[in-house]
Amino acid sequence: DRYIIAETSSTLLLGDIVNDKSSEVEWMGSGNEKFEFTDRNICWICNAGEISVVEFGIDEILGNFRTEYVSRGLISAIIKQSREHSKKFIAYLLDLHTICILNLQTRITEATIDHDCNILSLSFNSNATKLLFKDKKRGLYLYNLLTGEKQTLLTYSGFYGWVPDSDVIVAQNKESLNVWYSSDSPDKKITIGVKGTVVAIKCDKKIGVTVQDGNIENFTPLDDLLIKFGYALDNKELGTCLAVLENRSDGETEGHWRTLLRVAYEEQNYF
């Protein structure tokens, strides 16, 4: 009920009703196109093994690439605009063991990640600085684009994901919910016992995860303050970040201080 697709003899029209944005791009259709709207702000079109990426509101194709692996979860895209800069990245599989990260603005491959097992799914964080992926053995891994490091988060994982618009990672490992409030410190996590299967991340009045235990649905809340740090950092509100961390007396904020230091240095906001 949100998107509109229309064709003329030489163009393709795509509309997002909720955001009131539309695009018209040159297109010679085959009649076999498949359209995916799984990532915010964009549509990707699969046609004869080639993927074309369209950003709503832009009347040209943002980028093209070829992959055989077009199922949901095997392509992740981030289109993000801010006053200072924009980011337009997409991650996809070259083959079942290799992830390619493409900068759609420069058309340059930013990273190629080799893995020793078939990859089942992958997901960018909101800033396209880190990528989570899970393999056939259910191992969960984190790749940092800024450092080029790949680290193992869990050797076995069920549900996993990013808390929207933050760098917070949640993942279930059997009867434990693992939370990384700072993905800059993947060695530091908080473990919460859960009974049932984590099925979703909810961001309504309270941020947390939904756990399904038979016919019963439970809610496990997360630490709003540390998640608020992620939102503030994303918007370069460094004073808010500082206030959040100074109000904490536990030992779980070391990674957040490191992140704040890095961003303050990048912004030259030493005060």
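This passage describes the overall build of a predicted protein model and then turns to its cores and a handful of individual residues.

The protein chain is built from three helices and 22 strands. For its 271 residues, a compact globule would be expected to have a radius of gyration near 18 Å, and the 20 Å of the protein chain agrees with this. Laid along its principal axes, the C-alpha trace spans about 65 × 50 × 35 Å. Buried residues account for 45% of the 271 residues. Of the contacts between residues at least 6 apart in sequence, 35% join partners that are at least 24 apart.

The surface and the charges can be taken together. The accessible surface of the protein chain amounts to about 14400 Å², and 47% of this area belongs to carbon and sulfur atoms. Side chains with a charge comprise 29 positive and 39 negative ones, and the centres of these two sets are 5 Å apart.

Attention now moves to the interior. In soluble globular proteins, nonpolar side chains tend to be buried together. In this model, the largest nonpolar core contains 17 residues, and the members with the most contacts inside it are Ala91, Ile99, Ile101, Ile113, Phe124, Leu131 and Phe133. At least two residues of this core come from each of the strands β9 (86-95), β10 (98-103), β11 (108-114), β12 (119-124), β13 (130-135) and β14 (140-144). Another core, of 15 residues, lies apart from the largest one and includes Ile42, Leu62, Phe65 and Leu104.

Ile113 gives a closer view of the largest core, being among its members with the most contacts. Beyond residues up to four places away in sequence, Ile113 touches Ile99, Ile101, Leu131 and Phe133, and its partners also include His97, Thr98, Tyr143 and Lys150. Ile99, Ile101, Leu131 and Phe133 are themselves listed with Ile113 among the residues with the most contacts inside that core.

Ala77 offers a second view of the interior. This residue belongs to strand β8 (residues 76-81), and its relative accessibility of 5% is why Ala77 counts as buried, the limit being under 20%. Outside its neighbours up to four places away in sequence, Ala77 touches Asp39, Ile42, Phe89, Ile90 and Phe124. Two of these partners have already appeared: Phe124 is a member of the largest core, while Ile42 is a member of the core of 15 residues. The C-alpha atoms of Ala77 and Ile90 are 4.2 Å apart, although 13 residues separate the two in sequence.

Towards the start of the chain, Ile4 is found in strand β1 (residues 3-7). With a relative accessible area of 48%, Ile4 is partly exposed. Its contacts beyond four places in sequence are with Leu13, Leu14, Gly15 and Ile17. Ile17 is 13 residues from Ile4 in sequence, and the C-alpha atoms of the pair are 7.6 Å apart. Ser10 is placed in the loop between β1 and β2 (11-16), and at 37% relative accessibility Ser10 also counts as partly exposed. Leaving aside neighbours within four places in sequence, Ser10 is in contact with Val25, Glu26, Trp27 and Met28. A separation of 59 Å lies between the C-alpha atoms of Ser10 and Arg248, which are 238 residues apart along the chain.

Further along, Ile190 is found in strand β19 (residues 190-193). Its relative accessible area of 27% makes Ile190 partly exposed. Among residues more than four places away in sequence, Ile190 touches Leu177, Asn178, Val179, Tyr181 and Glu252. Asn247 is 57 residues from Ile190 along the chain, and their C-alpha atoms are separated by 19 Å.

Two residues stand out for their backbone angles. Lys174, in the loop between β17 (169-173) and β18 (176-180), has a phi near 60°, a positive value in a residue other than glycine. Gln268, in the segment after α3 (254-267), likewise has a positive phi, of about 55°, although it is not a glycine. Relative accessibility is 63% for Lys174, which therefore counts as exposed. Gln268, at 61%, also counts as exposed.

Key
Residues are numbered from 1 along each chain as its sequence is written. This is a predicted model: local features need pLDDT of at least 70, side-chain atom pairs count only at pLDDT 80 or more; totals for chains, interfaces and linings use all residues. Side-chain values use heavy atoms; hydrogens and water are left out. A nonpolar core is a set of buried Ala, Val, Leu, Ile, Met, Phe, Trp, Tyr and Cys residues joined through side-chain atoms within 4.5 Å. Buried means under 20% relative accessible area, exposed over 50%, partly exposed in between (1.4 Å probe, protein chains only). Helices (H or I, at least four residues) and strands (E, at least two) are DSSP runs, numbered from the N terminus. Contact means heavy atoms within 4.5 Å. The radius of gyration is taken over C-alpha atoms; the globule rule is 2.2 Å times the number of residues to the power 0.38. Accessible areas come from the Shrake-Rupley method with a 1.4 Å probe; for residues, only the protein chains shown count as cover. Lys and Arg count as positive and Asp and Glu as negative; His and the chain ends are not counted. The place of a charge is taken as NZ of Lys, CZ of Arg, CG of Asp or CD of Glu.
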